[in-house]
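Colleague: I've got the model open and I'd like a close look at just one part of it. Can you talk me through that part and then work outwards from there?

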Amino acid sequence: MSEKLKVGILGGTGMVGQRFISLLENHPWFEVTTIAASPRSAGRTYEEAVGDRWKMDTPMPEAVKNIVVMNVNEVEKVASEVDFVFSAVDMTKEEIKKIEEDYARTETPVVSNNSAHRWTPDVPMVVPEINPEHMQVIEFQKKRLGTTRGFVAVKPNCSIQSYAPVLTAWKEFEPTEVVATTYQAISGAGKNFKDWPEMVGNIIPFIGGEEEKSEKEPLRLWGKIENGVIVPAVSPVITCQCIRVPVLNGHTAAVFVRFNKKPSKEQLIQKMTEFSGEPQRLNLPSAPRQFIRYMEEDNRPQVAMDVDYESGMGISVGRLREDTVYDYKFVGLSHNTVRGAAGGAVLCAELLKAQGYIAHKER
């Protein structure tokens with residue numbers, strides 16, 4: 001028997017599902033053995049089900065081409081094949097909530113890329129470098145679900161990855177107000193330019209639901225577990241605009257910050273570049289060696305040059321300078337489908353394995 005954990009991908013034919021599959025190729029701990037999708041894809045090989053819709057830059061891994069896609073709604077059947085699942089299903093929020101909890105109740109841990117459970121009070125929403133201790137709320141969730149090893153854990157929205165880690169690194173200076181504008185890639189909508197030709201040479205100043213997520217989700221990351229639920233922090237106050245731009249991968253943020261304590265530019269750079277967390281301490285397989293790098297050039301970070309920093313798992317920051325209205329301003333860049341989506345979820349699963357929450361099922 002393989003020592004690797006058997007992994008299922010729920011919603012494996014979509015863009016995030018494809019990203020999971022490409023990232024997990026040759027993973028040292030996890031092996032994709034099961035792929036589940038909508039009933040219309042079920043019964044076909046993965047290669048047949050995806051057809052000409054493979055959207056990754058790298059070829060489809062040979063190991064998954066002949067896996068026969070299962071019906072994601074056949075929860076018990078899918079769950080019996082795997083040790084845990086990644087969820088990237090495309091359903092309504094209520095349907096996602098239900099199906100993820102249904103899988104958890106089969107004693108199958110669920111690590112989700114979806115937003116449905118981000119505000120369920122006993123579901124941890126984690127960036128592993130920022131709030132690994134929030135995984136402890138799983139014990140309370142398992143009591144609610146009536147499980148011994150099944151649970152749901154989620155990662156936050158892709159749009160916050162380019163600035164929330166930076167603000168976390170600066171926590172001791174007490175940020176009080178943040179204004180952020182995010183310039184978001186089209187792959188965040190699960191599309192490429194072939195799917196969305198009207199985005200070529202265009203900007204759309206609206207992404208449904210994104211601004212609320214960008215303003216509120218960092219506060220949940222910085223919250224505390226109290227009485228079995230996660231209570232969000234109340235500061236800093238964040239206001240955000242989210243704009244869709246004609247870029248395939250990479251979310252850029254232009255951010256203004258006011259502090260209670262006034263740091264120097266040198267202190268801010270030092271705190272950013274030295275910032276690390278449990279993934280680095282534990283040397284997790286997907287962890288970037290340096291989570292946040294600072295770039296001195298006036299014209300960096302750039303999507304074309306910098307989005308794949310640390311295999312897409314690192315954050316690039318530049319143009320940190322004093323501001324005339326706020327204290328400081330900077331530009332951040334993160335890879336929205338790697339760190340911001342599938343890669344962030346894989347890192348969460350690695351942390352959960354290291355913490356003992358994910359293990360082989362007894363068979």
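What covers the buried residues of helix 1?

Modeller: Keep in mind that this is a predicted model. The cover over the buried residues of helix 1 includes strand 1 (5-10), strand 2, helix 2 (46-50), helix 3 (62-65), strand 4 (84-87) and helix 12. There's a fair bit to cover, too: seven of the nine residues in helix 1 are buried, so the helix counts as mostly covered. The buried ones are Met15, Gly17, Gln18, Arg19, Phe20, Ile21 and Ser22.

Three of the strands you'll meet around there, strands 1, 2 and 4, belong to one open sheet, whose six strands run in the order 3-2-1-4-5-6 with parallel pairing. At its edges sit strand 3 (70-71) and strand 6 (152-154), each of which pairs on one side only. Further along that order, strand 4 is joined to strand 5 (residues 110-112) by three bridges, and the two run parallel. If you want a landmark in that pairing, look for Phe86, whose bridge partner in strand 5 is Val111.

Now walk off the end of the helix. The loop between helix 1 and strand 2 (30-37) is where you'll find Asn26. Asn26 counts as exposed because its relative accessibility is 69% and the cut-off for exposed is over 50%. Its C-alpha atom is 9.5 Å from that of Pro61, although the two residues are 35 places apart along the chain.

Next, the empty space, since helix 1 has a hand in that as well. The largest pocket has a volume of about 1100 Å³. Its lining counts 43 residues, and Val16, Ala88, Val89, Asp90 and Asn114 are the ones nearest its centre. The elements that supply two or more lining residues are helix 1 (15-23), helix 5 (93-105), helix 8 (210-221) and helix 12 (338-354). Helix 1 provides the largest share, three residues. By class, that lining splits into 14 nonpolar, 20 polar and nine charged residues.

The second largest pocket holds about 610 Å³ of space. It is lined by 27 residues, with Arg19, Leu23, Ser311, Gly312 and Val338 closest to the centre. Helix 1 turns up again here, since helix 1 and helix 12 are the elements that give two or more residues to this lining. Its residues divide into eleven nonpolar, ten polar and six charged.

There's also one cavity of 30 Å³ or more in the structure, with a volume of about 30 Å³. Its lining is made up of Val126, Val127, Pro128, Lys155, Pro156, Gln161, Arg339 and Gly344. Sorted by class, that's four nonpolar, two polar and two charged residues.

From the gaps to the packing. In soluble globular proteins, nonpolar side chains tend to be buried together. Here the largest nonpolar core has 56 residues, and Tyr103, Tyr163, Trp170, Met272, Leu320 and Phe330 have the most contacts inside it. Leaving aside residues up to four places away in sequence, Phe330 touches a list of residues including Tyr163, Trp170, Ala253, Val257, Val317 and Leu320. Apart from that core lies another one, of 43 residues, among them Phe151, Ala345, Cys348 and Leu352.

Val317, one of the Phe330 contacts, leads on to another strand pair, as it sits in strand 13 opposite Tyr294. Strand 12 (residues 292-295) and strand 13 (residues 315-322) run parallel and are joined by four bridges. In strand 12, Ile292 and Tyr294 point one way while Arg293 and Met295 point the other, and all of them are buried.

Last, a few backbone details to check before you set anything up. Ser235 and Pro236 are joined by a cis peptide bond with omega about 5°, and Pro236 lies in the loop between strand 9 (229-231) and strand 10 (237-244). The peptide bond from Arg300 to Pro301 is cis too, with omega near 5°, and Pro301 sits in the loop between strand 12 and helix 11 (303-306). Glu174, though not a glycine, has a positive phi of about 55°; its place is the loop between helix 7 (164-169) and strand 7 (175-184), and it is partly exposed at 30% relative accessible area. Asn283 also has a positive phi of about 55° without being a glycine. Asn283 is in the loop between helix 10 (278-281) and strand 12, and at 64% relative accessibility it counts as exposed.

Notes. Residues are numbered from 1 along each chain as its sequence is written. This is a predicted model: local features need pLDDT of at least 70, side-chain atom pairs count only at pLDDT 80 or more; totals for chains, interfaces and linings use all residues. Side-chain values use heavy atoms; hydrogens and water are left out. On a 1 Å grid over the protein atoms alone, a cavity is a set of points where a 1.4 Å probe fits but cannot get out, and a pocket is an open set with protein on both sides within 12 Å along at least five of seven lines; lining residues have an atom within 4 Å of a point. Grid points are joined across faces, edges and corners, and a volume is the space filled by probe spheres set on the points. Ala, Val, Leu, Ile, Met, Phe, Trp, Tyr, Cys and Pro count as nonpolar, Asp, Glu, Lys and Arg as charged, and the others, Gly among them, as polar. A nonpolar core is a set of buried Ala, Val, Leu, Ile, Met, Phe, Trp, Tyr and Cys residues joined through side-chain atoms within 4.5 Å. Buried means under 20% relative accessible area, exposed over 50%, partly exposed in between (1.4 Å probe, protein chains only). Contact means heavy atoms within 4.5 Å. Two strands pair if DSSP finds at least two bridges between them.
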